[in-house]
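Trainee: I have a fresh structure open and would like to learn how to read it. Could we go through it feature by feature?

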Amino acid sequence: MSTDRPEGLDDDRHPLEVLLADPAGRVSVYLGAVGNGRVDLASDLIARTGTAAEISASKRLFGLVEGQLLWVWELAAFGEPLQSYASAKLSRRPAA
C-alpha cells in the first residue's frame with residue numbers, strides 16, 4: 001500500500017478504493033476518502049453487461065451523524081448529468 005497522500009486530503013482522512021459489483025450487471029471502481037465520520041466515493045470506472053443500464057458516473061456518501069447512518073447515491077445515466085438517485089437514514093434499533 002502506498003504511503004503517498006493525495007493532494008488536498010485532510011490529515012484525519014485516508015484514501016479509499018472500492019470495487020463494487022451489483023446485480024444489475026455493473027462493476028464499478030470508486031476512489032475516495034474515509035475518516036472523520038464519513039466516506040466519500042466517486043466512480044473512476046463503470047463497466048456493464050450488454051443488458052445493464054448505461055451509467056456514466058456515480059457518487060456515494062456515507063456519514064455518521066448523531067448515531068444515525070446517512071447514505072446518498074448520485075448517478076449520471078441515460079445522457080443526464082449527475083443527480084440524486086437514492087438516499088436513506090438508518091437508525092440503530094434498541095436491543096431486544
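Mentor: Gladly, and burial is a good place to begin. A residue is called buried when its relative accessible area is under 20%, exposed when it is over 50%, and partly exposed in between, using a 1.4 Å probe and protein chains only. Arg-26, at 11% relative accessibility, therefore counts as buried. Before going on, keep in mind that this is a predicted model, where local features need pLDDT of at least 70, side-chain atom pairs count only at pLDDT 80 or more, and totals for chains, interfaces and linings use all residues. Residues are numbered from 1 along each chain as its sequence is written, and side-chain values use heavy atoms, with hydrogens and water left out.

Trainee: Which residues does Arg-26 touch?

Mentor: A contact means heavy atoms within 4.5 Å. Leaving aside residues up to four places away in sequence, Arg-26 touches Leu-20, Ala-21, Ile-46, Ala-47, Arg-48, Ala-52, Ala-53 and Ile-55.

Trainee: Where does Arg-26 lie among the strands?

Mentor: Strands are DSSP runs of E with at least two residues, helices are runs of H or I with at least four, and both are numbered from the N terminus. Arg-26 belongs to strand 2, which spans residues 26-35.

Trainee: How should I read the sheet, and what is the order of its strands?

Mentor: Strands of a sheet pair through backbone hydrogen bonds, either parallel or antiparallel. Two strands count as paired if DSSP finds at least two bridges between them. Here six strands make an open sheet in the order 1-2-3-4-5-6, with antiparallel pairing. Strand 1 and strand 6 are at the edges with a single partner strand each, so one side of each has no neighbour in the sheet. From one strand to the next, the twist averages 20°, where axes are lines fitted to C-alpha atoms (for helices, over the stretch in contact) and angles run from 0 to 180 degrees between N-to-C directions.

Trainee: How many bridges join strand 2 to strand 3?

Mentor: There are 10 bridges between that antiparallel pair. Strand 1 pairs with strand 2 over nine bridges, also in the antiparallel sense, while five bridges join strand 3 to the antiparallel strand 4, residues 55-65. You can follow a row of partners across: Glu-17 stands opposite Leu-31 in strand 2, Leu-31 has Ala-42 as its bridge partner in strand 3, and Ala-42 is partnered by Lys-59 in strand 4.

Trainee: What about the turns between these strands?

Mentor: The hairpin of strand 2 and strand 3 has two residues between the strands, and Asn-36 takes a positive phi near 55° there. Strand 3 and strand 4 also form a hairpin, with six residues between them.

Trainee: How many salt bridges are there?

Mentor: The test is a side-chain nitrogen of Lys or Arg within 4 Å of a carboxyl oxygen of Asp or Glu. A search of the whole structure gives three. In one of them, Arg-13 meets Asp-40, with the closest N and O atoms 2.8 Å apart. Arg-13 is in the segment before strand 1 (14-22) and Asp-40 is in strand 3 (residues 38-48), so this pair ties together parts 27 residues apart in sequence. Arg-13 is buried at 11% relative accessibility, whereas Asp-40 is partly exposed at 24%.

Trainee: And the other salt bridges?

Mentor: Arg-38 bonds to Asp-40 with the closest N and O atoms 2.7 Å apart, and Arg-38 is partly exposed at 36% relative accessibility. Shared partners join Arg-13, Arg-38 and Asp-40 into one network. Our buried Arg-26 forms a salt bridge with Asp-22 at 3.4 Å, N to O; Asp-22 is partly exposed, with a relative accessible area of 23%.

Trainee: How many aromatic pairs are found?

Mentor: Rings of Phe, Tyr and Trp (its six-membered ring) pair if their centres lie within 6.5 Å; planes under 30 degrees apart are stacked, over 60 edge-to-face, and the rest tilted. The whole structure holds two such pairs. Trp-71 and Trp-73 have ring centres 6.2 Å apart and planes at 45°, so they are tilted. Trp-73 and Tyr-85 have centres 4.9 Å apart and planes at 80°, so that pair is edge-to-face. Trp-73 sits in strand 5 (residues 68-77) and Tyr-85 in strand 6 (residues 83-90), so the pair ties together parts 12 residues apart in sequence.

Trainee: Is Tyr-85 buried or exposed?

Mentor: Tyr-85 is exposed, at 53% relative accessibility, while Trp-73 is buried at 15%.
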